[in-house]
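Here's a quick walk through one protein and its ligand. Have a look at the fold before reading on.

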Amino acid sequence: MAPSSLTTLLVLLAVVLVAHGSDPDILTDFVVPPGTNASLLDGTFFTYAGLIAGNSADPAKFTVSKATAAEFPALLGQSVSYAALVFGPGTVNPPHVHPRASELLYVVQGPLMVGLVDEIKRELYAQTLQTGDMFVFPKGMVHFQFNGGADVARAFSAFGSASPGTVSLPVALFESGISDAVLEKSFNVDEATVLALEHDLAPAAPAPAPAPDSPPAPKNGGAAPVPACLALMVGFAATLLLL
Ligand SMILES: *[C@@H]1O[C@H](CO)[C@@H](O)[C@H](O)[C@H]1NC(C)=O
């Protein structure tokens, strides 16, 4: 084999390896759900009207409304999905990973801070996005979004999988039943700290909306629970990546 052919082959192989992990191809144009008579399908099968309605009516909260294969079966086999995100003032979408998809986030009402942890460089890429900005979170990388402003922020995200999956680091670490001893050793903290984190993460009433004329919460300092928790989580994410 000529060296140039070998090079081409290696490049193709690399491309194939990099592309591995996407949704499997289907052998039909679309997937008819079991028990459905295909000849009775119409446009409603390809329509999903629940995206915006899936967000909470309370704009003080962080809510995400998904349109993945679970909510919208016509996406099965199509390798795409979508989400609508609403961020109340001071709310965060905590550090998480989508194991099966890259995410392309588009801000329709900014500003919105986003961050992405590079596990090779052990570095945080952070950016404050303005209305109209787009940001890509590569597949499998730890990332978060945070609205540090006094107004609601809104965004839409497209995913390169019909079932991107979400692994929330706070939930995976502190709500999964990992023993306190393991967490204490892992983060080199005492039991009280682990218990406090587990307690903080327990489902609770949403934070009250700030009074209309109250100043936005400070971005730093122990008095601001969300930013403090966020900083801790990003630190934990970085720690995890070092292990
Ligand atoms: C599917 O619907 C068509 C049109 O109504 C009907 O002719 C056919 O018998 C149905 N097939 C099944 C398996 O029910």
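What follows covers the overall make-up, the ligand site and a surface patch.

## The big picture

Keep in mind that this is a predicted model. The chain folds into five helices and ten strands. Out of 243 residues, 30% count as buried.

Sequence-distant pairings do a lot of the joining here: take the contacts between residues at least 6 apart in sequence, and 70% of them link residues at least 24 apart. On the outside, the protein shows about 14,000 Å² of accessible area, with 64% of that coming from carbon and sulfur atoms.

## Around the ligand

Which residues sit around the ligand? They are Asn37, Ser39 and Leu40. Asn37 brings a side-chain N or O atom to 2.4 Å from a ligand oxygen. For Ser39, a side-chain N or O atom is 3.1 Å from an oxygen atom of the ligand. Taken alone, the ligand has 360 Å² of accessible area, and the protein covers 23% of that.

## A nonpolar patch on the surface

Leu104, Tyr106, Val108, Met134 and Val136 make up a nonpolar surface patch, and together they have about 410 Å² of accessible area. Two strands, β4 (103-109) and β7 (134-137), each give the patch at least two residues. The largest share is from β4, which supplies three.

Val136 belongs to strand β7. Why does Val136 count as partly exposed? Its relative accessible area is 44%, and the partly exposed class runs between the under-20% cut-off for buried and the over-50% cut-off for exposed.

Technical notes. Residues numbered from 1 in each chain as written. Predicted model: local features only at pLDDT ≥ 70, side-chain atom pairs only at ≥ 80, totals over all residues. Heavy atoms only, no water. Patch = residues over 30% accessible without salt bridge, like charges linked within 9 Å, V, L, I, M, F, W, Y side chains within 5 Å. Areas by Shrake-Rupley, 256 points an atom, 1.4 Å probe, with all protein chains shown as cover. Salt bridge = Lys/Arg side-chain N within 4 Å of Asp/Glu carboxyl O. Helix = DSSP H or I, 4+ residues; strand = E, 2+ residues; numbered from the N terminus. Buried < 20%, exposed > 50% of the residue type's maximum accessible area, 1.4 Å probe, protein only. Near = heavy atom within 4 Å. Polar contact = N/O pair within 3.5 Å; in protein donor to acceptor, adjacent residues only side chain to side chain. Contact = heavy atoms within 4.5 Å.
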